[in-house]
Amino acid sequence: MLLPWERVVKKLNSYGIGIVIDYTSESAIALNGGRPGDAAYAHQIGAELDLDWEKLIGWKGLIMHAVFVNRAGRNLASDFGDVSLNGFQEIYGGGGNVGVHMVYAYATQDLFRKRVQIAVGKMPVNIDFANSFLFCTFMNKSNCGIPKSLTRGAAGFGTYPGSTWGMRVRYWPLHGVYGQFGLYGVNPYLNTNQYDRTGFNVGTDLYTGVYVPVEIGLVPSFGPNRLLGHYKAGFGYDSSQYRDVYYDAQERPALATGQPYRWTSGKTQFWLEGDQMLMRNGKGAMDGLYLLGGMVRNEPGNGPYLYQFYAGVVDRGMFSARPKDMFGIEWSRTTVSPDLQSSQWLAYDNGSRTLPGKATYPQSYVQTLEVTYVIHAFRGLSIQPDYQHIWRPNLQRNKSQIDALGLKIHAAL
């Protein structure tokens, strides 16, 4: 039996108008790490509007998408001096507390019997590239949306809720095989007050270059149970100017010579990602046991990270009596740029305790392990207890390991 609001939404859907309103909260409390008992809460209230213009006016293949969010709360990771990419609450971010933030507004047009799709508008890169529908099973920020070393490694890889003007073309030459490329503006000030934390600034005056991602992917389905897989390989190029993390203009260590760091043109990124269903528990795309894993490589000369590796397991419907519950385990490890590390050791050995990269000790790697369980309470509401363990917060070996408990609540209308 449909509720009154659900009946309204269903009626609007029949006319080509899709509306989703949801609430997500993420709370976390530290058990140790030098600050036991520290806790933080963050939330997001989202509103999504999708317009199918074929149903509205008969324009075949044209759909427009827009999302707006309200975000508030606090980041528990900041209590531990962790400014890296591994936060306990992935929902925190996008400039922190903001009344209304426009995430994106763009249109997609299908062509040639849906073999080609073009997207144009103000949108994040990560809604189309290096993404996985399994990533946000987890609360830790390291992978939700995309492996976060991508966006921290290059400003051009804009991620939700930040967006820039751009376009993307996707082509399916065969069933289960696609290739896509995009062209996006690079705005290093996304989600900051210097630009426009609300996302409504549509100007390009602070853009510093273009970001060009290219990705090829396979979406196979194996056996009579249609065991789905998703495999992708991608490359991104950011044309902006970036400051080197080690050399001066004469290609000597800047901290040793006292000269300014040199500026370099452009940076590259690579990613390999895959997931595979091993056992099916139901008819849906997520109803089964998945293995996932991947890696990212960033350019080390003008960025903070070199590699990120991750692996995990996600199982939806592992208990027949709870077919919509989900269980997940994920591990992630991110390594510092060796050039940045060399600069930090130069500064540290000279007695400085304020190091390049916002560190207080030379960085090496950060590693996370997360275990989570999503309880489907009833239609439209899930409750998710969560456990996380962090090795070397902020990639520093002088920081204590942290155990944290979390709770995520998601409600959708």
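Here are some friendly notes on the predicted model above, point by point.

1. Let's begin with the sulfur chemistry. The structure contains one disulfide, formed by Cys 136 and Cys 144 with their sulfur atoms 1.8 Å apart. The link between Cys 136 and Cys 144 is right-handed, with 100° about the S-S bond.

2. How exposed or buried are the two ends of that link, Cys 136 and Cys 144? Cys 136 has a relative accessible area of 37%, so this residue is partly exposed. Cys 144 has a relative accessible area of 5%, so this residue is buried.

3. On to the aromatic rings. The count of aromatic pairs comes to 15. One of them joins Trp 172 and Tyr 178, whose ring centres are 5.2 Å apart; their planes meet at 55°, so the pair is tilted. Trp 172 is partly exposed, at 29% relative accessible area, whereas Tyr 178 is buried, at 9%.

4. Another pair to look at is Phe 235 and Phe 270. Their ring centres lie 5.3 Å apart and their planes are at 50°, so this pair is also tilted. Which strands hold the two rings? Phe 235 belongs to strand S10 (residues 227–248) and Phe 270 to strand S11 (residues 261–280), so that the pair, 35 residues apart, links distant parts of the chain. Phe 235 is partly exposed, with a relative accessible area of 31%, and Phe 270 is partly exposed as well, at 38%.

5. Two charged side chains sit over rings. Lys 267 lies over the face of Tyr 242, at 4.0 Å from the ring centre. Arg 353 has its charged end over the ring of Tyr 348, 4.0 Å from the centre of that ring.

6. Now for the interior. The largest nonpolar core has 20 residues, and the members that touch the most others are Leu 150, Phe 157, Tyr 211 and Trp 271. Strands S3 (62–73), S4 (98–111), S5 (116–123) and S7 (177–186) each give two or more residues to this core. S4 gives the most, with three residues.

7. Phe 157 deserves a look of its own. Together with Tyr 211 and Trp 271, Phe 157 forms one aromatic cluster. Which residues does Phe 157 touch, leaving out those up to four places away in sequence? The contacts of Phe 157 are Val 125, Asn 126, Phe 129, Ala 130, Ile 146, Leu 150, Thr 151, Tyr 211, Gln 269 and Trp 271. Leu 150, Tyr 211 and Trp 271 are also named, along with Phe 157, as the core members touching the most others.

8. Apart from the largest core lies another, of 17 residues, including Ala 28, Ala 30, Ala 77 and Ala 404.

9. Finally, the strand pairing around S15. Strand S14 (residues 326–336) runs antiparallel to strand S15 (residues 365–378), and 10 bridges join them. Within this pairing, Thr 334 has Val 366 in S15 as its bridge partner. S15 also runs antiparallel to strand S16 (residues 381–391), through nine bridges. Here Thr 372 stands opposite Asp 386 in S16.

10. What joins S15 to S16 along the chain? The two strands form a hairpin with two residues between them. Gly 380 lies in the turn and has a positive phi of about 90°.

Methods: Residues are numbered from 1 along each chain as its sequence is written. This is a predicted model: local features need pLDDT of at least 70, side-chain atom pairs count only at pLDDT 80 or more; totals for chains, interfaces and linings use all residues. Side-chain values use heavy atoms; hydrogens and water are left out. A disulfide is a pair of cysteine sulfur atoms within 2.5 Å. Buried means under 20% relative accessible area, exposed over 50%, partly exposed in between (1.4 Å probe, protein chains only). Rings of Phe, Tyr and Trp (its six-membered ring) pair if their centres lie within 6.5 Å; planes under 30 degrees apart count as stacked, over 60 as edge-to-face and the rest as tilted. Helices (H or I, at least four residues) and strands (E, at least two) are DSSP runs, numbered from the N terminus. A charge sits over a ring if NZ of Lys or CZ of Arg is within 6 Å of the ring centre and within 35 degrees of the ring normal. A nonpolar core is a set of buried Ala, Val, Leu, Ile, Met, Phe, Trp, Tyr and Cys residues joined through side-chain atoms within 4.5 Å. Contact means heavy atoms within 4.5 Å. Two strands pair if DSSP finds at least two bridges between them.
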